[in-house]
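Biologist: Could you take me closely through one part of this model, the packing of one pair of helices, and then set that part in the context of the rest of the structure?

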Protein chains: 2
Amino acid sequence: MLRHSTKLFVNLERAAGLGASSASASSAGTGSFIPKQSDTMTSSTTPSYQKSLTLDNMCPTVRTAQYAVRGELVIRAEKLVSTLDRQKNEGIKLLPFEEIVYCNIGNPQQLKQKPLSFFRQVVALCECPELLESPHIDKIFPADAIARARALLASVGNTGAYSGSQGIASVLRSVAKFIEKRDGYPADPESIFLTDGASVAVQRILRLLIRDRSDGILIPIPQYPLYSATIELYGGSQLGYYLNEEAGWKMEIPELERSYNDAKEKGITPRALVIINPGNPTGQTLDAANMSDIVQFCHQKRLVLLADEVYQENVYSENKPFVSFKKVVKDLGTKVEGLEMVSFHSVSKGFVGECGKRGGYMELFGISPEVKSEIYKLSSIGLCPNVIGQLVVDLMVNPPQEGEASHKQYIEERDAIYNSLKRRANLLATALNSLEGVTCNAPEGAMYAFPQIRLPPKAVEEAKQNGKQPDAHYCIQLLEATGICVVPGSGFGQRDGTYHFRTTFLPSEQAIEGVCKKVADFHKAFMAKYK
Amino acid sequence: MLRHSTKLFVNLERAAGLGASSASASSAGTGSFIPKQSDTMTSSTTPSYQKSLTLDNMCPTVRTAQYAVRGELVIRAEKLVSTLDRQKNEGIKLLPFEEIVYCNIGNPQQLKQKPLSFFRQVVALCECPELLESPHIDKIFPADAIARARALLASVGNTGAYSGSQGIASVLRSVAKFIEKRDGYPADPESIFLTDGASVAVQRILRLLIRDRSDGILIPIPQYPLYSATIELYGGSQLGYYLNEEAGWKMEIPELERSYNDAKEKGITPRALVIINPGNPTGQTLDAANMSDIVQFCHQKRLVLLADEVYQENVYSENKPFVSFKKVVKDLGTKVEGLEMVSFHSVSKGFVGECGKRGGYMELFGISPEVKSEIYKLSSIGLCPNVIGQLVVDLMVNPPQEGEASHKQYIEERDAIYNSLKRRANLLATALNSLEGVTCNAPEGAMYAFPQIRLPPKAVEEAKQNGKQPDAHYCIQLLEATGICVVPGSGFGQRDGTYHFRTTFLPSEQAIEGVCKKVADFHKAFMAKYK
């Protein structure tokens, strides 16, 4: 009996997540992770025992939080992977494509982006210091990688030990130097926290800001769903401000005012303003004048400014270089004295693209020392960020310098990645704009295009009948026709009645034209089907 | 003005956390991270701007949560480090010791425990696959390390890519095989989640279980403060059950009943029972008969069993081998059908001791598929556990096998660490038991001793006058006299009127006798002072 029930349980679990089952997904709504339940099966496994932990008695905000980037579409895609495995192993044609192309998430090395050689050499040496003693090592690795590893080990000690809760002191100093050089203003190592990727850092700050539904956080619409998911999880209120799609996803002060005032009228206290620059999913970059207005708005309204700057190296437009909010605040000087700001950065994006390392940091600015102590405490409960991720942060902010053995190779690798991303961004935007009913702002930054798709009324109708968001309906069909996995705009938020999807432009230079062609063919067929 | 205010801010921050200041700490209570505020300074930095985020308007449960393992004592110790630096650099005697000995946390590699060679070789190769192409590599690394790295890379792809939210599929399979072999019962890879250390896993499950103060979690007293901190952070209720110190920290069913019934009377629903086996901070191991009773208690009361088994390789008593709760549940069979359990494991403990890698896993058992989907969603919001940590989990559960090139070295390294820990555990317990008014159960497992110290009434009185817990008063004096950093029992919980401290037995074999002698000398002087 027990063995039997275990087997049933496994199958249900497959339907829920990891996915070796070939049954089609059955979630009820966009971005929902909750599989349709088979009550018969559940009750047959435990005839006499009522489960203690159920959907009905668990923390309700866990259930209501949604995270579309790894939502329904990805779970479907993972199921298709096992069908593709069968197709390959059994030599029978089950699907009209050979592979899943994951454009749902900014994960460049999954799509064959090569890691920066110097970074990996140094990490390997730090991980296995016996390599440094090998008489062969100078034939394998360049001298500066060896020297860097020795220097890092001298300050870190051992990658197997917990570091301090805030991070390794020497890495904090490296980050501060990087910020100083970037902005031309001093930075204090003691105001920096290293974290397992930027997501953890964002969550830590939001945790402090949110007490209950009466605390609101201003977030862009569209936004990266880490923000909406976390605000919901912590029981706060999302205060959306719309980016102006017609003006290249511009951030406009009157719209911020509107959102702020709407919240106040509802009795909600706006506590912080989230800005993602360059934008995710929208790919725009802010100009310095706009940023100056935003900072002054925050100061005037006493909002903590949360500057998500993880795409700071992914800027493609010549005439709008990246400017940090720290610099803008410092430039404004006494005008915005006392402003509270936290900025976030990560090793996952840019040309580094080391997502799997989970490295990141946040810089506190103007945050009171006693609040900082609370952030320190929250960090200490998780003990410390992973040490390898911390080392990769150090390498990101302190790459090989001119005159060092690895400098040339580093520059070549960096530029190759950057220039290719730029080409692919343009290629994708052009391809999307050539489609009927599709418009796409050219990505100025980040790793994403966020095209608007004007869906035929019949498609919208059919989606609604199936209990789906219309753009999810489109994306599911795209996935099932082509293997290309994108995320519906409804997962990021959008103006009512508009539909979008987010796609990365990370498929390799060899692959991206094929991806564009497949999307175009699918789109034409979709439009014809619902005409 | 701005430059000036920044400087003031920095000094305040120092006092709050990282600690380069030589000023003595000024926290008001044990384990408190909140530095005494200088209102003058705060207001002088921002004459016209009222901070938006303050202690008074932040999430209140962040403020009330306490985590003593990195609490007041450690912050003091970090300040002493900079005094020691001055002592060394300026050649003047400022403190009666030369170094801080961190016995506050189970961080073996910080105290010079050598990592297992095979693990580090494989990780270095996975991190830098160009090494595999080097003609010199087989002169540097053994053949099985090279083969293992190739196999891992074939399944992982690239350490720089996000993995699936639940973890790398092949690592999940390795963990399942390990559990099967350990327990003699099948394990399902799809019920396993890899995590950034076990702490994250514990927090994820507690997040689901706690809605508000009416949800209670049974935790041992004394307990590891991850539990108390997290339950408080999530706004739940801690339901302590006392371990019986006189009976070797035994876990007794009547005491569980008492705690359960007390909660019910207060209108609190007990939802889960936390068991730490081997115990932290108490070092006891449970016998199988006791475990069987506990499991049946959980089943009868419909409690989710949370089995913290991170010290499963740290078992030192010959006649009480480690038995997993999974095995006990499976042995009981239909008697406890439907029971819900989550067990936790980590690469930070045992003889692996790779704390800095932040690798761990949890196995769900009997958890409903729809609740599992919610766990999956929570995991996906953080994207994925760090990939190197996942690889170290794989190596922990699948070390070199007999007949492979590294097997002999692996066994030698493993046994040397294990045997040394066992010797040090005994040595420390004997030394503590020889002190006036001190009793210490011999550690059967884990990495800690938790002696009871009977403090003279005068010492208790002085502590209370200073607003300190008496055991914190003792530990602070120990730190300031010897540089040895331990954690007061009050950070873990203890019966009223009893006092303890937790110390690891991780100082090296060369160092531990010196540590014992210093503690003994300090203790004698302390007892004489307050007689």
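Modeller: In this predicted model, H13(B) and H14(B) are roughly perpendicular to each other, because their axes cross at roughly 70°, and a crossing from 65 to 115 degrees counts as roughly perpendicular. The axes of helix H13, residues 288–301 of chain B, and of H14(B) come within 10 Å. On the H13(B) side the contact is formed by Ala288(B), Met291(B), Ser292(B) and Val295(B), and these meet Phe325(B), Val328(B), Val329(B) and Leu332(B) of H14(B). Sorted by class, this contact has seven nonpolar residues, one polar residue and no charged residues. As background, nonpolar side chains in soluble globular proteins tend to be buried together.

The loop that leads into H14(B) deserves attention as well. Gln312(B) lies in that loop, between strand S6 (304–308) and helix H14 (325–332) of chain B, and Gln312(B) is buried because 22 other C-beta atoms lie within 10 Å, where 20 or more suffice. Setting aside residues up to four places away in sequence, Gln312(B) touches Phe322(B), Ser324(B) and His345(B). Gln312(B) and Asn277(B), although 35 residues apart in sequence, are 7.3 Å apart in space, taken from C-alpha to C-alpha.

For another helix pair one can turn to chain A, where helix H18 (residues 457–465) and helix H19 (residues 470–482) pack at an angle of about 95°, with their axes 8 Å apart. That angle makes H18(A) roughly perpendicular to H19(A). The contact draws on Ala459(A), Val460(A), Glu462(A) and Ala463(A) from H18(A), and on Pro470(A), His473(A) and Tyr474(A) from H19(A). By class, the residues of this contact of H18(A) with H19(A) are five nonpolar, one polar and one charged.

Cys485(A) connects the discussion to the interior, being listed with Leu218(A), Leu305(A), Leu218(B) and Leu305(B) as the residues with the most contacts inside the largest nonpolar core, which has 322 residues. Leaving out neighbours within four places in sequence, Cys485(A) is in contact with nine residues' worth of surroundings that include Leu73(A), Val74(A), Ala77(A), Ile100(A), Val101(A) and Leu479(A). The contact between the two chains takes 104 residues from chain A and 104 residues from chain B. Several helices of chain A, among them H1 (2–16), H5 (117–127), H10 (197–209) and H15 (369–381), each supply at least two residues of the side of chain A that touches chain B. H15(A) gives the most to that side, with 11 residues. By class, the side of chain A that touches chain B has 45 nonpolar, 35 polar and 24 charged residues.

In chain B, helix H15 (residues 369–381) can be checked for its length: at 1.5 Å a residue its 13 residues should span 18 Å, and its end C-alpha atoms are 19 Å apart, which agrees. H15(B) is mostly covered, as 13 of its 13 residues are buried, and H15(B) is followed by Leu383(B), whose phi is positive, near 75°. H10(A) is likewise largely enclosed by the rest of the structure, because 12 of its 13 residues are buried; among the buried residues are Gly197(A), Ser199(A), Arg204(A) and Arg207(A).

Some backbone details remain. Most residues other than glycine have a negative phi, and most peptide bonds are trans. Lys112(B), however, has a positive phi, near 80°, and lies in the loop between strand S1 (101–102) and helix H5 (117–127) of chain B; Lys112(B) counts as partly exposed because 15 other C-beta atoms lie within 10 Å. Trp249(B) also has a positive phi, near 60°, in the loop between strand S4 (237–242) and helix H12 (253–265) of chain B, but Trp249(B) counts as buried, with 22 C-beta neighbours inside 10 Å. The peptide bond from Ile221(A) to Pro222(A) is cis, with omega near 5°, and Pro222(A) is found in the loop between strand S3 (215–221) and H11 of chain A. In chain B, a cis peptide bond joins Ile221(B) and Pro222(B), with omega about 5°, and Pro222(B) has its place in the loop between strand S3 (215–221) and helix H11 (225–233).

Terms used: Residues numbered from 1 in each chain as written. Chains lettered and ligands numbered in written order. Core = buried A, V, L, I, M, F, W, Y, C linked by C-beta atoms within 7 Å. Contact = placed C-beta atoms within 7 Å. Helix = DSSP H or I, 4+ residues; strand = E, 2+ residues; numbered from the N terminus. Nonpolar A, V, L, I, M, F, W, Y, C, P; charged D, E, K, R; others polar. Expected span 1.5 Å × (residues − 1). Axes fitted to C-alpha atoms, helices over the stretch in contact; angles between N-to-C directions. Parallel < 35°, antiparallel > 145°, perpendicular 65-115°, else oblique.
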